[in-house]
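Hello,

Here is the structure I promised to pass on to you. Have a look at it first, and then read on for my notes.

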Amino acid sequence: MHLLIASPLIFFSAWTVSAQLCILLGWNLKLLLTIAPVSIVLLFYLYFLTSKKPCRDWRQSTPIFLFRRDQEQVTTLCLLILLVSPIALYFSYNLFFILSLFLLGICLIPQTIKQIPDPIEAHSVSKKLTTVLLIFAIVSMIILTYTVSRSDLDDAFYVAVAAFTSARPEQPLLHTDPMFGEIGLPLLFPSYRFASFELLVGAIAYGLSLPAMEIYYIVLLPVWVMITIIATMLLTKEFMPKYWLWSGLMMLLLTVLLGETHRGPGNLSFVRLFQGKIVFLSTMVPTIFYITARFFSRHGTRRDLLLLACCQISSIGLTNFGMLAGPMAGFSALVSNIPLIFNCREPVKKFYAATAILLIPLPYLIYVSRHATKSPLLNFNSESAVQVFQSVLGPHQQYLLILLLLAGPILAKDTITRWRLAVPPLLLFGIYLNPWLAELISKHITTPPVYWRVVWSFPILIYSAIAFCMIFTTRLKSTANRLLHGLLAAVVLGLMIYTLPLHTLRLDNIGPIEGFATWKIPKNHLQIAEKAVKLSHHGKLLAPDEIAGVIARFEQHPPLVNVREAYLELLRPTMKENNYKPRRVLYDFITTPLKEDQPVRIALKTLDVSIIVMHLSNESSEKSNLLLTEHYERQAPIADYSIWRK
């Protein structure tokens, strides 16, 4: 399976390098399609040319620590603390914070047992059954994803990039905003200049002469599902060789279970797997952990080092947050494998090489920080660590997740597995979600609106699944520990039943199913958007977010007054006031009660608006009279919307 993850990784990293070169030089899609195949072939050639011989003098050794711990007594203490941790979290996040750091810190202290996990050959399931289960998992998740996946307003930008690129193959790549349909407006953020995921979608749409939405929502979706499952299985195989298959399947079940919040792990998986940022979270983060673990193991080669570099490059191309989240994940993976670094003849050299890879995104981060000093994002209110913790893990499901994340390192039977399972949550709780560091990180590193994405520093669902399998497969020696272990298993099962009504597939979470393998846009929104575009022959189009956000995804559409209120505010610093102000006036006109009519009349003429879409709940006799006096004609309402045409 290793080559199944290495091949798409090499392909996409070469594509990303080619795309960024074309963006830097102001080249277009046609030139990119000429350069990219050469880059892809060269990188594959370099990969197969690189030595695949593992470290010759690999040996099982023990890192030098100041002291060791007694296994049975400390396990008893850890299990007791673990069982009270949900109660501590219920009353005080700070108390949980202290207990979790203490618990995870103890797990890093070595003990007098084996240092590495059992070999992969210990896996007891037959190859035939393994193949059947893997195929069943892939097919099931593809069907599920095609059924429950849903779009959101973020796609107004992501799909617009692909559609704009596909429809204008001779224009420079990412040189202007792709949503509004006007030349001259800049991109929302400087970091979006490094995107290559949406350009790939646009290139495929151009090559196949299909709408970008067809590629984005339908054609590529099974590819991301397969890569996600392969990356998951490879990581569980590296971490838990004996039960890797069951751990991987359990991760898929947890994906369905843990969907309490919009930011929840289940909702940031197969529900929105067509978005580049979710592809990063679902495929790239586990791949980083898998390849790092492999690189420092007895099987590690220079090819793995090359793949780690490809991971960082691909992270940048998948999402603008990837240039920060990629190194965060890489650092967590690197530190969690410290015990293995001592198993090679030249540990320092290997450690330095892996560390240097994490610096690949540094030039991108410097560029973004220099161009984002006056960004409106810096003015957003910061979330506290507690708010982020609950908004991601869920007010109810957080108790189950913390039990699983803390149980894994306690029950691990070897040093390296304990480190691998303890270090990432230790960094998450101890640094990224530290209540005394939250504002600093939010304001000066991540920016407040995306501070919550620090949880992307490691694959929470996979770690939880591994811990779940450990709980029901580990055998403890002492009677006291067996009783505590049984109580832990009962509590975990009880919490799973308790959180079951908040599963990902509930109707109020995924909304009505819009069909199987479709664009996943509400039918009435798509119908109104198509009708408005068809009626437009000149001038700009004014519509609320839910309609304008759909129109922006079309290859051809009239200029838009607005796409999304948040985007309009984010573009304000780069717009002239005489361009922003009438847009704001008209947006308020179709979304709020009418206050003054004269500014609206002036704005309609200034922006030359020919089509207006308005929700019926926002219509009024005053608004209708204003539009009639400005020579607009009301078309027959469609669903809950009216269309006015000049």
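Below is what I found, starting with the sheet and going on to two helix pairs and the aromatic rings.

Please keep in mind that this is a predicted model.

The sheet is an open one of four strands, in the order β1-β2-β4-β3, and its pairing is mixed. At the edges stand β1 (540-542) and β3 (633-634); each has a single partner strand, so one side of each is left without a neighbour in the sheet. Further in, strand β2 (residues 609-615) and strand β4 (residues 641-645) run antiparallel and are joined by five bridges. If you want one bridge to look up, Met 614 has Ser 642 in β4 as its partner.

Two helices pack on this sheet. Helix α24 (residues 523-535) touches β1, β2 and β4, and its direction makes about 5° with that of β4. Helix α27 (residues 577-591) touches β1 and β2, with its direction at about 40° to that of β2.

Now to the helix pairs. Helix α6 (residues 155-167) packs against helix α7 (residues 197-208) at an angle of about 40°, and their axes are 8 Å apart. The two are therefore oblique to each other, and their crossing is right-handed. On the α6 side the contact includes Tyr 158, Val 161 and Ala 162, while α7 brings in Leu 199, Val 201 and Gly 202, among others. By type, the residues of this contact come to seven nonpolar, three polar and one charged.

The second pair is helix α10 (residues 244-257) with helix α21 (residues 460-471), whose axes come within 8 Å and cross at roughly 120°. That angle makes α10 oblique to α21, and the crossing is again a right-handed one. Among the residues in contact are Trp 246, Met 250 and Leu 254 of α10 and Ile 462, Ala 465 and Phe 468 of α21. Here the division is 10 nonpolar, three polar and no charged.

Finally, the rings. The count comes to 27 aromatic pairs. One of them is Tyr 146 with Phe 516, an edge-to-face pair at 5.4 Å centre to centre with 65° between the planes. Tyr 146 lies in helix α5 (residues 127-148) and Phe 516 in the loop between α23 (507-510) and α24, so this pair ties together parts that are 370 residues apart in sequence.

Happy to talk it over whenever suits you.

Best wishes

Notes: Residues numbered from 1 in each chain as written. Predicted model: local features only at pLDDT ≥ 70, side-chain atom pairs only at ≥ 80, totals over all residues. Heavy atoms only, no water. Pairing = 2+ DSSP bridges. Contact = heavy atoms within 4.5 Å. Axes fitted to C-alpha atoms, helices over the stretch in contact; angles between N-to-C directions. Parallel < 35°, antiparallel > 145°, perpendicular 65-115°, else oblique. Left-handed = near helix turned anticlockwise from the far one by under 90°. Nonpolar A, V, L, I, M, F, W, Y, C, P; charged D, E, K, R; others polar. Phe/Tyr/Trp six-rings, centres within 6.5 Å; stacked < 30°, edge-to-face > 60°.
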